[in-house]
Amino acid sequence: MPRVIAANDPKAIGLGDLVDIVETGRFDARDEACFASFGPALGDLAANRDFLADIIVAELKDRCRSQSVRNAYGPQVVMLHAGRNFIVRANFWPAETDPVLQENGPEAFFYHRPHDHNFSFLTVGYTGPGYWSDYYEFDYDACVGAVGDAVDLRFVERSRLSRGKVLLYRAHRDIHAQLPADALSVSLNIMERAPHIGYRDQYGFDVSNGVISENLTETAIEPLLAICSQIGGENARDLVETYAAYHPSERIQFAALTALASTCPSIDARIEVFAQAARRSAPFVARMAARQCAAINAGRHWITRTAH
Ligand SMILES: [Fe+2]
């Protein structure tokens with residue numbers, strides 16, 4: 001369960017005030033107590049009932065120029081501030097009955113997808129009754145992170161991010177499966193921002209079976225490795241091989257291995273790439289490669305059939 005931050009008698013402040021408080025304070029997202037100490041200030045911003053509507057009106061008057069430049073999250077988010085080491089944003093949580101949810105489906109809003117986070121963040125309920133979550137915790141350090149690995153998920157509770165409630169979600173510890181709010185709701189976040197976050201893994205979970213179901217972290221590197229291995233020459237292949245052997249992220253190493261395997265002329269050659277990788281000492285690469293060998297072997301009949 002994310003850490004609940006006591007917000008005593010919040011007094012409304014502006015977005016600029018919040019940014020000043022974080023920028024002039026000692027902000028260290030890796031220090032839980034330090035990050036939590038900014039929770040009351042986020043609660044104070046949530047007590048300001050006008051600032052978000054004012055920002056949205058201003059954006060619309062400027063053809064959303066600022067959002068076009070700064071917002072990489074899509075229409076569910078309004079980016080409020082992008083600082084050097086933190087982000088402030090607003091998130092919209094539609095209800096089951098809202099047309100936007102019915103037309104786009106719950107997946108578009110990350111509902112019913114149990115996941116942890118590869119970054120810590122503070123959040124507060126701003127308007128509406130708040131999205132629901134089923135909360136779990138797990139021990140990230142006891143987990144290699146391969147898809148299909150069993151994880152000890154400990155259910156904590158179902159609760160909602162009601163208006164004024166401030167929570168600190170701890171990276172690699174708190175898991176939630178979000179459920180639609182009972183009516184359209186908005187939350188505000190202060191999120192950790194750091195260049196290494198893309199190399200830290202965020203998982204999706206199958207809570208019924210207690211396993212990791214997917215790795216949700218994506219960088220621009222993985223698709224470029226796949227393309228590079230297909231359309232580049234020898235120089236490109238050398239580069240992909242270097243990623244496969246030496247990149248500090250095992251997830252990126254495995255993406256490079258998959259890219260190399262995809263260029264193999266036969267199924268047996270593809271299996272051999274993964275079989276060699278399965279003997280590596282890097283545990284995530286070895287586990288994923290072994291599973292890939294098994295998957296290709298299991299599907300060999302269908303792959304061959306398709307090839308003919
Ligand atoms: Fe989440």
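The following dialogue goes through several features of one predicted model.

User: What are the overall counts of helices and strands in the chain?

Analyst: This is a predicted model, and its chain has 11 helices and 11 strands. Along the principal axes, the C-alpha trace spans about 65 × 40 × 40 Å.

User: How much of the chain is buried, and what supplies the exposed surface?

Analyst: Of the 308 residues, 48% count as buried. The chain exposes about 15400 Å², and carbon and sulfur atoms supply 53% of that area.

User: What share of the contacts joins residues 24 or more positions apart?

Analyst: Among contacts in the chain with a separation of 6 or more, residues 24 or more positions apart account for 72%.

User: How are helix H1 and helix H3 oriented to each other?

Analyst: The general step is to take the crossing angle of the two axes and see which class it falls in; angles over 145 degrees count as roughly antiparallel. Here the axes of H1 (residues 15-24) and H3 (residues 39-46) cross at roughly 175° and come within 9 Å. The two helices are therefore roughly antiparallel to each other.

User: Which residues make that contact, and how do they divide into nonpolar, polar and charged?

Analyst: H1 contributes Leu15, Leu18 and Ile21, while H3 contributes Ala41, Leu42 and Leu45. The division is 6 nonpolar, no polar and no charged.

User: Where is Phe51, and is Phe51 buried or exposed?

Analyst: Burial is read from relative accessible area, and under 20% means buried. Phe51 is in helix H4 (residues 51-61). Its relative accessible area is 8%, so Phe51 is buried.

User: Which residues is Phe51 in contact with, leaving aside its neighbours within four places in sequence?

Analyst: They are Leu15, Leu45, Leu80, Tyr126 and Leu188. Two of these names have come up already: Leu15 belongs to the H1 side of the helix contact and Leu45 to the H3 side. As for distance, Phe51 and Gln253 are 202 residues apart in sequence and, C-alpha to C-alpha, 45 Å apart in space.

User: Which residues are the protein donors of the iron ion, and how are they spaced in sequence?

Analyst: The donors are His115, His117 and His176, each through NE2, and they lie 2.1 to 2.2 Å from the iron ion. Their spacing in sequence is H-x1-H-x58-H. Water is not among the atoms, so a site may look incomplete. Both His115 and His117 are buried.

User: What sign does phi have in most residues other than glycine?

Analyst: Most residues other than glycine have a negative phi. In this model, His112 has a positive phi near 60°, and His172 likewise has a positive phi near 60°.

User: Where do His112 and His172 lie, and how accessible are they?

Analyst: His112 sits in the loop between helix H6 (99-104) and strand E4 (121-127). With a relative accessible area of 45%, His112 is partly exposed. His172 is in the loop between strand E7 (166-169) and strand E8 (174-179), and at 13% relative accessibility it counts as buried.

User: Where is Gly232, and how far is Gly232 from Asn48?

Analyst: Gly232 is in the loop between helix H7 (221-231) and helix H8 (234-246). At 35% relative accessibility, Gly232 counts as partly exposed. Gly232 and Asn48 are 184 residues apart in sequence and 54 Å apart in space, C-alpha to C-alpha.

Definitions and conventions
Residues are numbered from 1 along each chain as its sequence is written. This is a predicted model: local features need pLDDT of at least 70, side-chain atom pairs count only at pLDDT 80 or more; totals for chains, interfaces and linings use all residues. Side-chain values use heavy atoms; hydrogens and water are left out. Axes are lines fitted to C-alpha atoms, for helices over the stretch in contact, and angles run from 0 to 180 degrees between N-to-C directions. Helices (H or I, at least four residues) and strands (E, at least two) are DSSP runs, numbered from the N terminus. Angles under 35 degrees count as roughly parallel, over 145 as roughly antiparallel, 65 to 115 as roughly perpendicular and the rest as oblique. Contact means heavy atoms within 4.5 Å. Ala, Val, Leu, Ile, Met, Phe, Trp, Tyr, Cys and Pro count as nonpolar, Asp, Glu, Lys and Arg as charged, and the others, Gly among them, as polar. Buried means under 20% relative accessible area, exposed over 50%, partly exposed in between (1.4 Å probe, protein chains only). Accessible areas come from the Shrake-Rupley method with a 1.4 Å probe; for residues, only the protein chains shown count as cover. Donors are N, O and S atoms within 2.8 Å of the metal (3.2 Å for Na, K and Ca); water is not among the atoms, so sites may look incomplete.
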